[in-house]
Every structure is written in structure tokens, then in C-alpha cells.
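Visitor: I should like to take a close look at a single part of this model. Please describe the part you choose, and then relate the account to other regions of the chain.

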Amino acid sequence: MNWHDVFASRMARMTASEIRELLKLLDQPDIISFAGGIPDPALFPTEAFQEALGEALAPSQAASALQYSVSEGYPPLRDWIALEMGKLGVPCSRDNILITSGSQQALDYLGKMFLSPGDTALVGWPTYLGALGAFNAYEANFERLLAGTNRAPEEFAQAAEAKGGRVKFAYASVDFANPTGETLDRAARERVLDLADQLDMAVIEDAAYQSLRYDGEAIPPMLALEVERKGEIDACRTLYCGSFSKTLAPGLRVGWVCGARDLISRLVLLKQAGDLHSASLNQMAVERVARTIFDEHTEKLRRTYRGRRDAMLAALEEQMPKGVSWTRPEGGMFIWVTLPEGMDATALLAQALKEQRVAFVPGQAFYADRSNANTLRLSFSLASDSQIAAGITRLGEAIRAAQAD
């Protein structure tokens, strides 16, 4: 059978994640990898989860932990998240929270809810590869959402109409973004909200790294800024996507969406059609661990990752040849590197893997138009200080070798 004849048209737009492929390299012990933006498993709160899972599977709780549950998610976990959102300036209740199987599922549901074929999503340039994949599946067009250099609202609207749809939402990872590590300042967040009102579109705020700030002062989430403007969350158009993957454990696949109750109720319909509900046992374990150690544990993560970020920045300063520049993130897991004009990071990766045995992610994957071949992403979360020093030295050697060719 020729399966291509029966595939939906959207399948032609879907490609393998370059990051997922690069993660396979972690099994090769001689390669120093800065590719996968994943937490260090040595920092997982394993004992806390062992205890929490034991409690969830105790005779009094096991029936609930192993049974079907409500699509909205485990109520005590939603209550805890609502309290945390309140600390961020977003007063809300459990009815404003939907639990998802990781924030990636939230992006998929939001793409499904908003995008018809031919519609436009405004995204960063570059932006999170997983967001591009999620929205691309619904046959979207992409336009640049760049702080301080955006076109007039009517230009966005006209461009979207010319492509057969309308602008449906702006997507932004506002704190220590994947892939750049950069943060949108308050003025830029306000401008996105202004644009959303002018275009009558939604705002998707990806806050996967919000708890991992190492320097500087915290900036209110866009949802909090919009609550300030409009008085209550149910009048807001921003949907905040959170995750426990970078703070507690990614393997449990627990994330959430916080937003107006009307929007959450529509997302619940997609959840019911998609997987009924996220795993009850996982949600119960996450709630117990979050309630008991979240603040203490995230402080430990910040201390550790801050040191690794500093080690990588120092190594880049020492080892990078002239013409190479990079970001200096205040948090998160990533540093974005720009190579000299004309250099191809994909070709550099092939050479670096073969000769220097060091890995990274070529930057083209994060651009909707596959531009900016001279960029790459480094992650410092998984490597020790000694691995960072050795790996960045190897990367410098690879770049010099490419310049000499």
C-alpha cells in the first residue's frame, strides 16, 4: 500500500525533531554533548518521589491513583498551582487550571483550538522548535514576533489575509527562552499585549523556565500584566503554559495551562478527545512533592545551574575565536551562539562530531524559514564544569578548523 496516498495533508509538513535525534548521541561516552536541553537526572528529587508514590499507592489512595479521573486534572494539584499562580500576580482558582501531559501537549491543544489551515501564528525568530512542530501540524503560517521591531497591526492582518487566514495568536517564551536564553523585558511584554488587543488574537505564554532565574529581578508574566489591565483572569486573552519538567521530573509528563475559564473549558474538550486525562498517579505524586519541597528544590537547581552557566560563559570568553558572539542569559538552560557570517552550523556539527567529539544543536531548526545557518544552541544543564571546559575548548577548535578550510 502507498501510505502517502492516504496520509492527511498535514503529514507533509511534519519532520523529525533534530533535537530528539541528537539526544541519541548521549549514549556515546566520548562525546561531550551540549545538545539536549534536559535537566540533570542527578538532581531529580528521587527520594521524595519514592515516598510520594508510596503514599499514592497506599490502600486508602490506590483506587484513585490507578483509576480514571476528571479531564481537568487532580484537584489538589490544580489548587496548588492556583496558589503558585497567585504568587506570580495571577489570582485564580482550580477552574482556571487544566493539567496536561507536559507543556508540549498544551501547545498541541492550543494549536488545535486556534489554528485553521492558512491561519497565521506570530512567533519569535528564532523560537522553540517544539512549538513550531506543534503549530505546523495544523497547517499554520508563521510571521515574526520581534520585540521592538514589529510591523503595524494592520500589516500583520493584511499579510495573514493574503495567505488565506487571519492572525490567531502570538507565541512567546518570555523568560530565558529556548533556544536563545533571552528574556523579554516588561516593555516588550506590554507591547505583545497591546498587539494582541489590536489584532483581537490570543497570547500563548510559554513559561517552562520561569522558576530558573539566576540573576536580575523577576518580571511579571504576561498573564499577570494582563490581569493588571483587565481586573480578572476571566477577562484575559493570555494562556500561561507551565511545566514541572524542568523543575521536578520530565518523565512524569505533568504540565498545565492557566487561563480564562471559558478557554480552559474548551481545552478540556480537546483533552477528553485526546487522552481523557493525564496519568492520575503521576499527578498525585507531583502534587505531594511540589507541596513539600518545591521551593527548597528549585533553589538547589538554581545554585547548580547558575554555576554551570557561569562556567560556560567563562569558557566561551576564553576559547571562542574572533567573530563569534553569544547571549548571556539570566536563567534557564541555554546559550545562543552566532558564528561568523557564511559559516554553516550544520556542517560544523558534522565536523565537530567526527573530529572533536562535541555536540550542539544547529540554529536553523529554530527558525520557521530555516534561515540563519550561522547560529547554534548550547545547553549547560547536563554537563559538569570539567565537561563544559573541555567541550567548549573542543568547540573552539572545531570553529577554527572550519574557518581555516
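Guide: With a relative accessibility of 34%, Ser 69 counts as partly exposed, because that class covers values from 20% to 50%. The model in which this residue is seen is a predicted one. Ser 69 belongs to the loop that joins α3 (62-65) to α4 (75-87). Beyond its neighbours within four places in sequence, Ser 69 is in contact with His 277 and Ser 280. A further relation links this loop residue to a distant part of the sequence: the C-alpha atoms of Ser 69 and Ala 279 are 8.5 Å apart in space, although 210 residues separate the two in sequence.

The contact with Ser 280 leads to helix α11, which comprises residues 280-319. Arg 308 is found in that helix. Whereas Ser 69 is partly exposed, Arg 308 counts as buried, because its relative accessibility is 12% and the cut-off for burial is under 20%. When neighbours within four places in sequence are set aside, the residues in contact with Arg 308 are Asp 40, Phe 380, Ser 381, Leu 382, Ala 383, Asp 385 and Ile 388.

One may then turn to the strands. Strand β13 consists of residues 375-379, and it is part of an open sheet of four strands, ordered β9-β10-β13-β12 with antiparallel pairing. At the edges of this sheet are β9 (325-326) and β12 (361-362), each of which pairs on one side only.

Within the sheet, β10 (residues 334-338) and β13 are joined in the antiparallel sense by five bridges. In this pairing, Phe 334 has Ser 379 of β13 as its bridge partner. On the other hand, β9 and β10 pair over two bridges, also in the antiparallel sense, and here Ser 325 has Thr 338 of β10 as its bridge partner. Strand β10 is largely enclosed by the rest of the structure, because four of its five residues are buried. As a general point, side chains in a regular strand alternate between the two faces of the sheet.

Methods
Residues are numbered from 1 along each chain as its sequence is written. This is a predicted model: local features need pLDDT of at least 70, side-chain atom pairs count only at pLDDT 80 or more; totals for chains, interfaces and linings use all residues. Side-chain values use heavy atoms; hydrogens and water are left out. Buried means under 20% relative accessible area, exposed over 50%, partly exposed in between (1.4 Å probe, protein chains only). Contact means heavy atoms within 4.5 Å. Two strands pair if DSSP finds at least two bridges between them.
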